[in-house]
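Trainee: Could you take me through the salt bridges here, and then through a place where helices pack? I'd like a close look with the residues named.

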Amino acid sequence: MTDWRKTAKITADVVHFPYKATEKVKMAKEVYVWDLDKTYLDTKFETLKGLVRTAFEKPIEKRNLPGTATLVRSLRDHWLQQHPSTDFPIFFITASPPQIAGRVLEKLNLDGIQPYAIFCKDNLQNLRPKRLWRLTQQVGYKLQALLQMRLLLAEDVRQVLFGDDSESDAVIYSLYSDICARRLERSEVRNIMKSFRVVGQQMDAILDLQARVPNNDPVEKIYINLEDDTDSEYYIKFGRRTMPSFNSLQMAADLFQDGRLGVNQVVDVAQDMVANYGFTPEQIERSFDDLVRRRALGAPTVAELVPSLIAKNLLREDYKPSVEPREITQKVGDRVYELEGSFEPWVPERIDYMHDYR
């Protein structure tokens with residue numbers, strides 16, 4: 001492996017690999033932030049054996065979660081259509097060690113993706129008896145990485161965040177939002193972090209970063225891949241801004257609703273899942289119908305997507321949603337914020353981080 005320290009910026013266990021000039025990063029008005037492990041790649045490192053296997057995998061051996069590569073390329077293509085002569089502003093955060101950042105970058109490049117930066121966790125330093133518990137504790141690391149990233153971005157930037165349910169990403173992203181917006185007292189932030197086993201030195205670093213980031217909420221939308229098959233209703237407490245999804249098709253359909261993808265690109269994601277990952281049209285139909293039942297997709301979105309999915313044999317020719325799709329009642333530009341019958345807040349005034357109600 002190459003000497004990764006020559007190209008990295010290291011702050012405690014957060015290792016930042018920048019691939020774009022600082023000025024270009026600062027110009028982006030909307031950025032995509034993707035958790036790599038179990039959200040983009042099918043990564044397993046909960047055990048020492050898994051961490052070692054991940055470290056020595058060749059780029060071509062790293063496996064995507066179904067549809068993720070097509071989804072990110074589709075977002076890239078749509079972005080470039082809307083913003084010609086720019087780069088697609090995407091960042092990746094991973095708990096994989098920095099020693100494999102070059103392999104991660106090569107894998108992303110194989111998928112047609114050139115990230116603005118990758119943030120890694122210097123996890124190999126935790127391979128000591130008294131620190132093994134820190135291998136799978138990601139709250140402090142990811143909060144610090146997100147806040148360090150925030151300092152690199154424009155004051156009015158909007159962030160679309162992608163995570164999963166195996167590493168408390170809904171907690172991390174929502175707490176990051178609350179920290180940036182100063183919705184919580186510093187003592188509350190400290191208590192919450194303590195409950196998630198964030199160590200004192202990292203806690204101080206996070207609070208120091210809070211004092212330096214702009215006083216606003218940069219988080220536009222949060223997508224949580226239900227890798228562990230968590231009940232989607234658990235996420236109600238995080239507000240409608242947080243959307244749990246069971247696969248890439250569900251993310252793609254919602255991204256289309258918000259004007260971030262085209263119809264054909266949603267179809268491309270579904271076709272990839274069927275052709276390359278063994279999904280059946282019946283599973284595609286259940287996934288799509290689940291979004292309608294959960295009041296995630298509005299009637300205009302359903303009306304636009306269904307004919308194209310039927311035309312590609314991804315839905316039955318006589319498919320009709322099992323419940324009547326709701327009308328969109330609040331929209332700003334292309335972004336949908338509310339459907340008829342929605343009662344949960346978009347962003348709650350307060351989130352109970354320290355208790356789960358599953």
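Mentor: Happy to; we'll go through the salt bridges and then turn to two helix pairs. Do keep in mind that this is a predicted model.

A search across the whole structure gives 25 salt bridges. Let's begin with Glu-30 and Arg-260, whose closest N and O atoms are 3.0 Å apart. Glu-30 sits in strand β3 (residues 30–35) and Arg-260 in the loop between α9 and α10 (263–277), so this salt bridge ties together parts that are 230 residues apart in sequence. Both ends are out of the way of solvent by the accessibility count: Glu-30 is buried, and so is Arg-260.

Next comes Lys-142 with Asp-169, a salt bridge of 2.7 Å from N to O. This pair also links distant parts of the chain, with Lys-142 in helix α5 (residues 139–152) and Asp-169 in helix α6 (residues 169–181), 27 residues apart. Lys-142 has 2% relative accessibility and therefore counts as buried. Asp-169, at 0%, counts as buried as well.

A third example is Asp-290 with Arg-294, at 3.0 Å from N to O. Here the accessibilities fall into separate classes: Asp-290 counts as buried at 12%, whereas Arg-294 counts as partly exposed at 25%. Elsewhere, shared partners join Glu-30, Lys-221, Asp-254, Asp-258, Arg-260 and Arg-335 into one network of salt bridges. You'll recognise Glu-30 and Arg-260 from the pair we began with.

Now for the helices. Two packed helices are described by the angle between their axes and the distance between the axes. Helix α9 (residues 248–257) packs against helix α12 (residues 299–311) at an angle of about 120°, and their axes are 10 Å apart. That angle makes α9 oblique to α12. The crossing of the two is right-handed. On the α9 side, Ala-253, Phe-256 and Gln-257 make the contact, meeting Thr-301, Glu-304 and Leu-305 of α12. By class, that contact holds three nonpolar, two polar and one charged residues.

The other pair is helix α7 (residues 186–195) with helix α8 (residues 200–212), packed at about 145° with axes 11 Å apart. Their crossing is right-handed too. From α7 come Arg-186, Val-189, Arg-190, Met-193 and Lys-194, and from α8 come Met-203, Asp-204, Ile-206, Leu-207 and Gln-210. Sorted by class, the contact of α7 with α8 has five nonpolar, one polar and four charged residues.

Note on methods:
Residues numbered from 1 in each chain as written. Predicted model: local features only at pLDDT ≥ 70, side-chain atom pairs only at ≥ 80, totals over all residues. Heavy atoms only, no water. Axes fitted to C-alpha atoms, helices over the stretch in contact; angles between N-to-C directions. Helix = DSSP H or I, 4+ residues; strand = E, 2+ residues; numbered from the N terminus. Parallel < 35°, antiparallel > 145°, perpendicular 65-115°, else oblique. Left-handed = near helix turned anticlockwise from the far one by under 90°. Contact = heavy atoms within 4.5 Å. Nonpolar A, V, L, I, M, F, W, Y, C, P; charged D, E, K, R; others polar. Salt bridge = Lys/Arg side-chain N within 4 Å of Asp/Glu carboxyl O. Buried < 20%, exposed > 50% of the residue type's maximum accessible area, 1.4 Å probe, protein only.
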